[in-house]
Amino acid sequence: MKRFRRHGNELHRERIKQDLFQFNKTVEHGFPHQPSALAYSPVLQLMAIGSRSGAFKIYGAPEVEIMGLHEENAAVTQIHFLPEQGQLVTLLDDNSLHLWKLKKSLDGLSILKEESHFDLRGQPGAPPSVTTITVVLPHSSGDVIFLGTEGGCVFVVEQPSFREQEERTITQEAVLQNVPDDYRSRRSLGSVEALQENPRNPHQILVGYSRGLVILWDLQANQATHHFLGDQQLESVAWQRDGRQIISSHSDGSFYQWPVSNDRLPQPLEKSVPYGPYPCKAIPKIIWLATKQRTPFIIFKGGMPRASYGDRHCVSVLHGSKQIAFDFTSRVIDFFVVDEGGSESDCDDPSALLVLAEEELVAIDLKTPSWPVIQSPYLIPLHCSAITCSHHVSNIPIKLWERIIAAGSKQITHYSSKPWPIDGGYSTAPEPLQRDLLLTGHEDGTIRFWDASGVCLKPLYKLSTVNVFVTDADHNDNLNQSSEDEWPPLRKVGCFDPYSDDPRLGIQKIHLCKYSSYLAVAGTAGQVLVMELNDEAVDQAVPCTLVDILQDQDTFKWKGHERLNPHEDLVHFPAGFQPFALVQCQPPAVVTSLALHSEWKLVTFGTSHGFGLYDYQQKRTVMVRCTLHPSDQLALEGPLSRVKSIKKSLRQSFRRIRGTRASGRKRPVHGDGAAKVQEANARMDREALNEMELAPVQRRIEARSADDSFTGFVRSLYFADSFVRDGSYHEPSLWAGTNGGTVFAYAIHVPPVERRMEEPVTAAQAKEIQLMHRAPVVGIFILDGRGVLLPEPLEAAHDLSKSPDMHGNHMLLVVSEEQFKIFTLPKVSTKTKLKLTALEGSRVRKVSVANFNSSRADDYSENGLLVLTNLGDVQVISLPTLRNQVRYECIRKEDVSGIASCVFTKSGQGFYLISPSEFERFSVSSKWVVEPRCVIDIDEGLGTRTSQQRIPQDGPVTKPNSGEMVQSQQKYGLNRQASIGSEGDGKKTVEIMEHALLNDERVLLEIQSTLESESASADRLSFGHLNRNSKNVAGVQSQGQRMMNGD
């Protein structure tokens, strides 16, 4: 009877776990890594960006993001929206074309689904270059797509069937018929470089060849009507809106203007080399926009003087006598212009220029005379300077939020006031229930504040620590400095700047108190700054306190970098966070841990040599503890001089290997008996392993030597008001954990408020705990009598949490890399422990306490430990029972930088870097899921609704049937993942459904008949190869794969 009752309890617990825990990868924040293609739909007001990974995204109004992912692991080289159809076609670098369509999911959200794909194939024996696609032109009729190739042919395929119209192919032989003999004999045509439809006559297209020839092809007569004989290698061609002129750009940095008249062999009206007369680089793309004022805009990429400015990445804008070369710090991929003039208008009305560079997207306002930059609401380059650390703060008070926004608004005065020009679609996501901040520290000494409440990661405020120190760099952040008096007239735009003037400025640790508005930041050279939020600019000096971590030990000599020297004079600090105290650690090693207690006005910091406690109200050092072991010579070399250390480490490793082999070496056995002896030894080893008494889900923990390097490395610091020395009296305390498995506890005496400035803060060591296995201490937490984590400083005082239970026995939770252990306080006796339940070699890398709310019952929640291991697994462990609840595969174990960058939130979410420029957001909570939910209304293929209205919903939303849908995405390798309340991998729902479908006789007959009809139609195609997912077995699987719920 007890067994049945226990089984029922387990089922009930599993249902609770399903309501609490659900893993989802929800959205990417930042700028796509390695972008490779750009497209724009003026009718739908949408933009698409493809990347080398095979993924692409459609962007519209803020929070409108829809993702598509190709099965093929190939780069997206081109994207084209089909005219007024809600469809687009992508070209991959494996020469395959893919047709995608915007559709509605069951819950009314817009999704991308791949309809079919097509491979252009030539005659048997033909070289691959004959059918290698270079240019794609969807015709305005929506019926056909023109494909230019390296072989010089233009193929015509129907849409959406992708059937090739062989009789309409434009061959080189047909083009050369009416070309003058001297021009024909002088050169071959080369590959097709440009295809452009006449904006006033859809029956005419321009075909440009790489050797310089451009023809005007009549689609009705199927012949060339005009030949434009260029003498330079062609790069691109563009029409004037009225169809009376064309403009061509070339490899020598020149562009030609040609008339389209009755003359079949027209001569150029004008030839211009904008940055001549010196040799210039090629102009890969050019566009011509005629305005009502009769002064055209000519916009082109490249063309800079080769010798002096050949390394610049520029897009130039010419408008009458005004000319600006917008200079980017990364390679320009593509650009387009947002035109407010309708398709039927006789003139263009350019309003904004959008340029996709390799590391950022920049929009330029062409309406304002100064051509300023428009601030982007998304696709922000998080890696303007390399990200070195992250810090997340949940549920920011409204007053602090408004003050941060006000400080940030004073930093963006140089931006245009024009709204973001891409506004297609609208978001149906609910308004965030709370305000969340994500702070990123950067290599150049800056901290950036981001609004992480919703789908878009919005920049709020930028804080720089550079002006505190004496440096040689010019830190002028004005992005709109123009040197129009010089030539060429360069203007630097964009914020991506990968170069750091001094690596010592890098930010390593951040701690923000949301209740007191105090901020502590620590850097690479041992600097710790304590800041306070001020709404007004001030001029003040920052007092510096030197803290000798080694405490005058002469046996150690620092071999690393020197410390930064602070300014001794007054320094101007703008409104925002302003430093008022500077602590400089000696030696100036990297600060490895940081904690701030704003109620006690204390900050603690740790390095690889020890840790210290600083009173920032009295601006004095309270205590210093050196944790350096005599064998920790590596800790004295610093991060910038590790070559000798690496050699030494390798040498020691090889010695250990040789020593192990030598100790295990026995007298050699000769003859046939050697193999038998080895086999017997192996059998004995296996038997010994089977007899070892280990728990089935736990593993043996190997003790580490005290002589291992970096044992004094301080990994974690923690403030708590608890029972440290006496069970009847609680007092402030500081806890520190090291790389050698040691935990130090200090009792702190903080004077009363009325005597806070007169009496000093004192600290005395109360306890020292040495873990037997000496694994690094990753986290330290103290639970109250109810098993709940102690509240943050000032949290209970602001009535934002329950007051802690100070009557029962408190518990100390120590998380090492290999186990979780709870001690009773103040006696420090072991109460509960849990070894890491993972595969051999697993180590804890990140740990945090989170609150998980039930998605079914609003009044039920549980606290748990969120744990990330070096294998990329995310686990939830219950508190205070230390029982493993769920485990999910989150990050690839090979992605070391992604694991190191992970940061958890208080609500069970997390962020980690999937590339230098992108955060992946995930959630382990069933209730808290932040994901795109957007709609693009397409009315009979005639356009979209662009009003940014919201459909109100209550509370955080999870996707209907997200389990089945996202599990199918997991099977096909998509970024979005979801698994509900399961430990381990388990079997995917998709695999079960696939097995069921393929064992259904009726379904098999239907698939067989479909394949037969498909093969019959394929026999009629001479050049094309058609693969339509909805008509074959793959289609049964790919429906789930291609359905991306608004992302």
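A residue is called buried here when its relative accessible area is under 20%, exposed when it is over 50%, and partly exposed in between. With that in hand, welcome to this predicted model. Its helix 5 has five residues that fit the first of those words: Leu400, Trp401, Ile404, Ala407 and Gly408 are buried. The structure as a whole holds 31 salt bridges, and a few of them are introduced below.

**Helix 5**

- The buried residues Leu400, Trp401, Ile404, Ala407 and Gly408 cover an arc of only 130° around the axis, so they sit on the same side of helix 5.
- Several strands help to cover these buried residues, including strand 31 (437–442), strand 32 (446–451), strand 33 (458–464), strand 37 (527–534) and strand 41 (576–586).
- The length of the helix works out as well: at 1.5 Å a residue, its 12 residues should span 16 Å, and the end C-alpha atoms are indeed 16 Å apart.

**Salt bridges that link distant parts of the chain**

- Side chains of opposite charge can pair when their charged atoms come close.
- Lys418 and Glu340 make such a pair, with 3.4 Å between their closest N and O atoms.
- Lys418 is in the loop between helix 5 (398–409) and strand 30 (426–427), while Glu340 is in the loop between strand 25 (332–339) and strand 26 (350–357), 78 residues apart.
- Glu340 counts as partly exposed because its relative accessibility is 46%.
- This pair also belongs to a network of salt bridges that links Glu340, Asp349, Lys367 and Lys418.
- Glu792 forms a salt bridge with Lys906, the closest N and O atoms being 3.7 Å apart.
- Glu792 lies in the loop between strand 50 (777–783) and strand 51 (811–816), and Lys906 in the loop between strand 58 (903–904) and strand 59 (909–915), so their pairing ties together parts that are 114 residues apart in sequence.
- Both partners are partly exposed, Glu792 with a relative accessible area of 33% and Lys906 with 42%.

**A salt bridge with a buried partner**

- Arg786 and Asp784 form a salt bridge in which the closest N and O atoms are 3.6 Å apart.
- Asp784 counts as buried, at 1% relative accessibility, whereas Arg786 is partly exposed, with a relative accessible area of 47%.

**Asn201 and its surroundings**

- Asn201 has its place in strand 14 (residues 201–209).
- A relative accessibility of 25% is why Asn201 counts as partly exposed.
- From Asn201 to Asp242 the C-alpha distance is 9.7 Å, and the two are 41 residues apart in sequence.

Definitions and conventions: Residues are numbered from 1 along each chain as its sequence is written. This is a predicted model: local features need pLDDT of at least 70, side-chain atom pairs count only at pLDDT 80 or more; totals for chains, interfaces and linings use all residues. Side-chain values use heavy atoms; hydrogens and water are left out. Helices (H or I, at least four residues) and strands (E, at least two) are DSSP runs, numbered from the N terminus. Buried means under 20% relative accessible area, exposed over 50%, partly exposed in between (1.4 Å probe, protein chains only). A salt bridge is a side-chain nitrogen of Lys or Arg within 4 Å of a carboxyl oxygen of Asp or Glu. The expected span of a helix is 1.5 Å times one less than its number of residues. The arc is that of the directions from the helix axis to the C-beta atoms. Contact means heavy atoms within 4.5 Å.
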